[in-house]
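Good morning, and thank you for making time for this presentation. I would like to take you through one protein structure, and I ask that you keep it in view while I speak.

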Amino acid sequence: KASISFPKMLWGHSFDEVTDSHFPFGIDLLVQRLKDMSIIVTKEAVINAIGQTLHYCANILFPSEPEARMFLARLAKASIGEWFENNDRTFSNDGNAVRFRSDIFEIVFYLKYYDVLEKGNRAVSSKATPQEKEIVERYIKEGKIPSVVRMEIRFNGKRSINSHLKTALGISKPYWTFRELFDNNQSRAVLRYYWHKIIDDPLNHIVLSTTLDEDVCQKVIGKYKGEKLRYISEAMGLFYFTKSLGVKGAKEVVILKQNRKAWYDKRKKIISFAKRFTKPDETLINVVTKVLENKPIQQEFPFLGLTK
């Protein structure tokens, strides 16, 4: 079993994304590197190796660092269904990273350039190379670290790759080869699928969007006629409760104080209130969506695990 970082092998860093056009040269280089280590393999063997670990990634450039950090802070309040809620979700590294994870699958968003500065196992990505450290140090001196958020979908194990690609792409295969996995369009499609798993949930959309308190209150006043004060007060309270504590936090409190059925009733009220009385600013959401809906100039596969 061998593991490689394709961009680091090509350039010594993973700030640029590889594309399909890099594949032939990369395979030649990999075969040569293995030969230098007295490991003789053919190009065909590498190309047809079975994928065991796969990371699909996209670099998302925000207009500014405060907006990138605001996006991560809000994303930390989102939730991805029951299955992920039973696993670990962390807002880590002083707000530099958000993870939704299980043992075999992980969705990660993190500040790519700041991650290089992390010490030891605090880093989200693999060990930084000397070239990466040099690049970041130069940006620090220039006072302009790029506000790039890296989105990564990590599949750990052949079973994870098979099941999740079947879900995202509708393709059922007993295994995937290196060549089959190294595909720009396919990578983007998988990233879009899981991004929409997040933003298509109305409550996640609420916590990720910007709403002005004054606008909300003015709309409530304008549409208040015929509404019971009790309903408006409860719905507004639940709305801001969710914006503050996050989806998972609000759910846990409601279930603790009442029960699970009550949460689903409250959820409907929150969604209804948001539709009627808010005009969400989707700027941060649209930054990510625009990147994932367009073909990347480069597309990175930062870590691929292969078996002969």
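Let me begin with a term. A residue is called buried when its relative accessible area is under 20%, exposed when that area is over 50%, and partly exposed in between. Aspartate 265, to take one case, has a relative accessibility of 35% and therefore counts as partly exposed. Please bear in mind that what you see is a predicted model.

I turn now to the overall composition. The protein has 308 residues, and 50% of them count as buried. Its secondary structure comprises 15 helices and seven strands. Among contacts with a separation of 6 or more, 73% are between residues 24 or more positions apart.

What lies in the interior? The largest nonpolar core contains 67 residues. Within that core, Phe71, Phe109 and Trp195 have the most contacts. Phenylalanine 109 deserves a closer look. Setting aside residues up to four places away in sequence, phenylalanine 109 touches Phe71, Leu72 and Leu75, as well as Trp195 and Ile198, among others. Its partners also include Asn96, Ala97 and Val98, together with Val149, Arg150 and Met151. There is also a second core, separate from the largest one, with 15 residues, including Met9, Val18, Ile27 and Val41.

Trp195 has a further partner that I wish to point out. Threonine 289 is located in helix 15, which spans residues 283-293. With a relative accessibility of 12%, threonine 289 counts as buried. Apart from neighbours within four places in sequence, threonine 289 is in contact with Trp195 and Ile199.

Next, I come to the packing of helices, with two pairs as examples. The first pair is helix 8, residues 158-169, and helix 10, residues 184-199. Their axes come within 9 Å and cross at roughly 85 degrees, so helix 8 is roughly perpendicular to helix 10. Helix 8 contributes His164, Leu165, Thr167, Ala168 and Leu169 to the contact, and helix 10 contributes Gln186, Ala189, Val190, Tyr193 and Tyr194. By type, seven of these contact residues are nonpolar, three are polar and none is charged.

The second pair is helix 12, residues 213-222, and helix 14, residues 260-277. Here the packing angle is about 90 degrees, and the axes are 9 Å apart. Helix 12 is therefore roughly perpendicular to helix 14. On the side of helix 12, the contact involves Asp215, Val216, Lys219 and Val220; on the side of helix 14, it involves Phe273, Arg276 and Phe277. What is the make-up of the contact of helix 12 with helix 14, in nonpolar, polar and charged residues? Four are nonpolar, none is polar and three are charged.

Let me move on to the charged side chains. How many salt bridges does a search of the whole structure find? The search finds 14. Helix 14 holds one of the examples I have chosen: lysine 261 and aspartate 265 are joined by a salt bridge, at 3.5 Å from N to O. These two residues are four residues apart in helix 14, about one turn of the helix. Lysine 261 is exposed, at a relative accessible area of 60%, while aspartate 265, as I said at the outset, counts as partly exposed.

A further example is found in helix 4, residues 65-75. Arginine 69 forms a salt bridge with glutamate 65, and their closest N and O atoms are 2.9 Å apart. About one helical turn separates arginine 69 from glutamate 65, because they are four residues apart in helix 4. Both count as partly exposed, arginine 69 at 26% relative accessibility and glutamate 65 at 25%.

Lysine 144 and glutamate 142 also meet through their side chains in a salt bridge, with an N to O distance of 3.8 Å. Glutamate 142 counts as partly exposed, at 44% relative accessibility. Finally under this heading, a network of salt bridges links Arg99, Arg101, Glu106, Arg150, Glu152 and Arg154. Arg150 has appeared before, as one of the residues touched by phenylalanine 109.

I close with a detail of the backbone. Serine 38 has a positive phi of about 65 degrees, although this residue is not a glycine. Serine 38 is placed in the loop between helix 2, residues 23-36, and helix 3, residues 43-47. At 66% relative accessibility, serine 38 counts as exposed. Thank you for your attention.

Notes. Residues numbered from 1 in each chain as written. Predicted model: local features only at pLDDT ≥ 70, side-chain atom pairs only at ≥ 80, totals over all residues. Heavy atoms only, no water. Axes fitted to C-alpha atoms, helices over the stretch in contact; angles between N-to-C directions. Parallel < 35°, antiparallel > 145°, perpendicular 65-115°, else oblique. Contact = heavy atoms within 4.5 Å. Nonpolar A, V, L, I, M, F, W, Y, C, P; charged D, E, K, R; others polar. Salt bridge = Lys/Arg side-chain N within 4 Å of Asp/Glu carboxyl O. Buried < 20%, exposed > 50% of the residue type's maximum accessible area, 1.4 Å probe, protein only. Core = buried A, V, L, I, M, F, W, Y, C linked by side-chain atoms within 4.5 Å.
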